[in-house]
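I opened my notebook for a look inside this one. My plan was to go through packing, empty space and a few single spots, in that order.

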Amino acid sequence: MKPNILITGATSGIGAALAARYAGRAELLLAGRMPELEAMPILPANAHYVVADQSAPEVAASNIMAALDLLGWESLDLAVLNAGSGWSGDPASEPAGSIRNTLEANLVAAIALAYGLSPLLSGGRLVLIGSTARRGAPLFASYAAAKAGLDGLARSLAEEWRGRTKVQVIHPGPVRTDIHAKAGFDPGRARRFFTSPETMARLLERALASRRSRRTISFPRYLAAAVTPWLR
Ligand SMILES: NC(=O)c1ccc[n+]([C@@H]2O[C@H](COP(=O)([O-])OP(=O)(O)OC[C@H]3O[C@@H](n4cnc5c(N)ncnc54)[C@H](OP(=O)(O)O)[C@@H]3O)[C@@H](O)[C@H]2O)c1
């Protein structure tokens with residue numbers, strides 16, 4: 001039987017690449033903020049889709065729970081909470097609405113969803129996508145704060161749910177997606193050194209299969225992947 005997998009933020013970048021990797025091997029429920037008609041051409045055939053704008057965390061969580069209910073899924077083998085966005089600039093000039101949105105979409109929504117999914121994840125795996133920015137990223141201060149929060153959430157749930165649900169947090173380094181442009185940040189020529197979303201998805205899948213609760217997948221790891229065929 002195919003595993004049941006939920007991936008949020010599956011309409012672009014890392015989430016889309018991960019969904020493409022699992023397509024055909026898993027039953028997929030993919031979540032995004034764009035309307036279904038816009039999302040369908042992006043999604044793998046046969047994947048299910050639910051609109052869940054994490055700017056409204058409780059609504060997003062309840063939309064996803066309702067979609068799972070509609071599908072009749074009583075359990076989830078894997079939930080990858082990947083949706084995320086940020087605002088870039090001088091921290092002191094970030095508008096209050098943006099600060100709130102960054103924390104709600106990246107952190108509060110993940111907490112609400114993780115708690116909601118808890119009963120379905122018995123025997124399964126919850127994966128939070130953090131960021132190396134959690135250690136501090138000056139032009140992305142509120143985003144970095146949200147990602148640091150995800151790290152704390154994962155550590156707490158890993159203890160709380162030990163023996164019942166495997167909880168992992170994975171912190172990618174820079175990946176060549178649209179997230180930077182959406183945040184108003186231009187990485188310039190550095191962008192060409194960023195990991196591709198497909199490579200990151202490949203490394204993520206490997207990390208998901210491991211027993212380690214916290215993983216950083218960053219640039220040196222990418223270089224290793226480029227020269228190490230067994231990582232493919
Ligand atoms: N790219 C990097 O350098 C990098 C590094 C470390 C960690 N990450 C993390 O990796 C994850 C995926 O990012 P990415 O690089 O693949 O960026 P991306 O291409 O922009 O994809 C982000 C996904 O999240 C969705 N999303 C954004 N805001 C949302 C909201 N309010 N409600 C629901 N969905 C929302 C996006 O929807 P739309 O398609 O509608 O925009 C998209 O599907 C994020 O958590 C990000 O923080 C990225």
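Before listing neighbours, I fixed my cut-off: contact means heavy atoms within 4.5 Å. I also noted that this is a predicted model.

**Entry 1: a leucine and its neighbours.** I started from Leu81 and left out residues up to four places away in sequence. What does Leu81 touch? I found Thr8, then Ala110, Leu113, Ala114 and Leu117, and finally Leu126, Val127, Leu128 and Ile129.

**Entry 2: the largest nonpolar core.** Next I looked up the core itself, which has 32 residues. Leu81 turned up again here: together with Leu117 and Leu126, it touches the most other members. I then asked which elements each supply at least two residues of this core. The strands are E2 (27-32), E4 (78-81), E5 (125-129) and E6 (166-172). The helices are H3 (57-71), H4 (96-117) and H5 (141-160). H5 gives the most, with six residues. A reminder to myself: in soluble globular proteins, nonpolar side chains tend to be buried together.

**Entry 3: a second core.** Apart from that one lies another core, of 28 residues. Its members include Ile7, Ala10, Tyr22 and Ile217.

**Entry 4: empty space.** How many cavities of 30 Å³ or more does a search of the whole structure find? I got one. The largest cavity has a volume of about 80 Å³, and 14 residues line it. The closest to its centre are Gln54, Leu81, Ala83, Asn106 and Ala110, so my leucine from the first entry is back once more. H4, E5 and H5 each supply at least two lining residues, and the largest share, five residues, comes from H4. Sorting the lining by class, I wrote down nine nonpolar, four polar and one charged.

**Entry 5: helix H7.** I checked the span of H7 (residues 197-209). Its 13 residues reach 18 Å from first C-alpha to last, close to the 18 Å expected at 1.5 Å a residue. Is H7 mostly enclosed or open? I counted 10 of the 13 residues as buried, so the helix is largely enclosed by the rest of the structure. Among the buried ones are Pro197, Met200, Leu203, Leu204 and Leu208, but also Arg202 and Glu205.

**Entry 6: Met40.** Last stop: where is Met40? I placed it in the loop between helix H2 (36-39) and strand E3 (48-51). Met40 is partly exposed, with a relative accessible area of 39%. I also took its distance to Ile7: 15 Å in space, C-alpha to C-alpha, and 33 residues in sequence.

Methods: Residues are numbered from 1 along each chain as its sequence is written. This is a predicted model: local features need pLDDT of at least 70, side-chain atom pairs count only at pLDDT 80 or more; totals for chains, interfaces and linings use all residues. Side-chain values use heavy atoms; hydrogens and water are left out. A nonpolar core is a set of buried Ala, Val, Leu, Ile, Met, Phe, Trp, Tyr and Cys residues joined through side-chain atoms within 4.5 Å. Buried means under 20% relative accessible area, exposed over 50%, partly exposed in between (1.4 Å probe, protein chains only). Helices (H or I, at least four residues) and strands (E, at least two) are DSSP runs, numbered from the N terminus. On a 1 Å grid over the protein atoms alone, a cavity is a set of points where a 1.4 Å probe fits but cannot get out, and a pocket is an open set with protein on both sides within 12 Å along at least five of seven lines; lining residues have an atom within 4 Å of a point. Grid points are joined across faces, edges and corners, and a volume is the space filled by probe spheres set on the points. Ala, Val, Leu, Ile, Met, Phe, Trp, Tyr, Cys and Pro count as nonpolar, Asp, Glu, Lys and Arg as charged, and the others, Gly among them, as polar. The expected span of a helix is 1.5 Å times one less than its number of residues.
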